[in-house]
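Me: I have one protein on the screen and want a close look at a single part of it. Please keep the sentences short, and explain your reasoning as you go.

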Amino acid sequence: MIKITNKTHYALRFLIHLAAVYPTGHLSISEVASKESISEKFLETIVSQLKAKGLVRAKRGAGGGYYLSQNPVQVSLFHVIEAVESEIPMISDEELADSQAAYIIRQQFAELDKMVIRYLKSRSLADLLQEYDQFQTGQMFYI
């Protein structure tokens, strides 16, 4: 299926922690890197991309750090992927179909891509934070 890179995973992990302290808190890269066992250097690169796209802002000075620039409800998973990836991972192949069967198959996968994008746009950091909080308190249910 669609391969989500470590960049996206790490960006989402960083943003979940920022969402947890929203709206008044902020965190340093080193705090989150330590909690999540992520390379601080790699996380710095990712955070600079998130900042360039306006998803996070920095508070300078002693005790400074990063904070979400908007409510976690407004930040979709799609926004995060779009901020850190050079292109959105897709299933469908953009090449021209060389047969009717290939065309039909590509059309089906293109439809699946649309469904995945709709899903990613419908899920927010607030949704992830809610699940994270439930997991932290031992209330995670599996079906």
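What follows is my request about one helix, and then the answer.
Where is helix α1 in the sequence, and what does α1 pack against at its contact with α6?

Reply: First, a caution: this is a predicted model. Every value below is computed from it.

Start with the whole protein. It has six helices and two strands. Along the sequence they follow the pattern α-α-α-β-β-α-α-α. The protein has 143 residues, and 35% of them count as buried. Contacts with a separation of 6 or more are worth a look too. Of these, 60% link residues that are 24 or more positions apart. The exposed surface is about 9,300 Å², and carbon and sulfur atoms supply 53% of it.

Now the helix itself. Helix α1 covers residues 6-21. Asn-6 belongs to α1. Its relative accessibility is 47%, so Asn-6 counts as partly exposed. That value lies between the 20% and 50% cut-offs, which is why the label is neither buried nor exposed. Asn-6 and Phe-42 are 36 residues apart along the chain. Their C-alpha atoms are separated by 9.9 Å.

Thr-8 also sits in α1. Thr-8 has a relative accessibility of 2%, so it counts as buried. The cut-off for buried is under 20%, and that is why 2% qualifies. What does Thr-8 touch, beyond its neighbours within four places in sequence? Ile-81, Val-84 and Glu-85 are in contact with Thr-8.

Next, the nonpolar core. The largest one has 34 residues. Phe-14, Leu-15, Leu-18, Leu-43, Leu-50 and Val-56 have the most contacts inside it. Several elements each supply at least two residues of this core: α1, α2, α3, β2, α4, α5 and α6. The largest share comes from α1, with eight residues.

Look at Phe-14 on its own. Set aside its neighbours within four places in sequence. Phe-14 is then in contact with Ile-29, Val-32, Leu-43, Val-47, Leu-50, Val-56 and Tyr-66. Leu-43, Leu-50 and Val-56 appear among the residues with the most contacts inside the core.

Now the packing you asked about. The axes of α1 and α6 come within 9 Å. They cross at roughly 80 degrees. Angles from 65 to 115 degrees count as roughly perpendicular, so α1 and α6 get that label. From α1, the contact uses Leu-12, Leu-15, Ile-16, His-17, Ala-19 and Ala-20. From α6, it uses Leu-125, Leu-128, Leu-129 and Tyr-132. By class, the residues of this contact are nine nonpolar, one polar and no charged.

Another helix pair makes a useful partner to study. The axes of α4 and α5 are 5 Å apart, and the helices pack at an angle of about 105 degrees. That angle makes α4 roughly perpendicular to α5. Leu-77, Phe-78 and Ile-81 of α4 meet Ile-117, Leu-120 and Lys-121 of α5. This contact has five nonpolar residues, no polar ones and one charged. Ile-81 links back to our helix: Thr-8 is in contact with Ile-81.

Finally, follow the chain out of α1. Pro-23 lies in the loop between α1 and α2. A cis peptide bond joins Tyr-22 and Pro-23, with omega about 10 degrees. Further on, Ser-37 sits in the loop between α2 and α3. Ser-37 is not a glycine, yet its phi is positive, about 55 degrees. Most residues other than glycine have a negative phi, and most peptide bonds are trans. Is Ser-37 buried or exposed? Its relative accessibility is 68%, so Ser-37 counts as exposed.

Definitions and conventions: Residues numbered from 1 in each chain as written. Predicted model: local features only at pLDDT ≥ 70, side-chain atom pairs only at ≥ 80, totals over all residues. Heavy atoms only, no water. Helix = DSSP H or I, 4+ residues; strand = E, 2+ residues; numbered from the N terminus. Buried < 20%, exposed > 50% of the residue type's maximum accessible area, 1.4 Å probe, protein only. Contact = heavy atoms within 4.5 Å. Core = buried A, V, L, I, M, F, W, Y, C linked by side-chain atoms within 4.5 Å. Areas by Shrake-Rupley, 256 points an atom, 1.4 Å probe, with all protein chains shown as cover. Axes fitted to C-alpha atoms, helices over the stretch in contact; angles between N-to-C directions. Parallel < 35°, antiparallel > 145°, perpendicular 65-115°, else oblique. Nonpolar A, V, L, I, M, F, W, Y, C, P; charged D, E, K, R; others polar.
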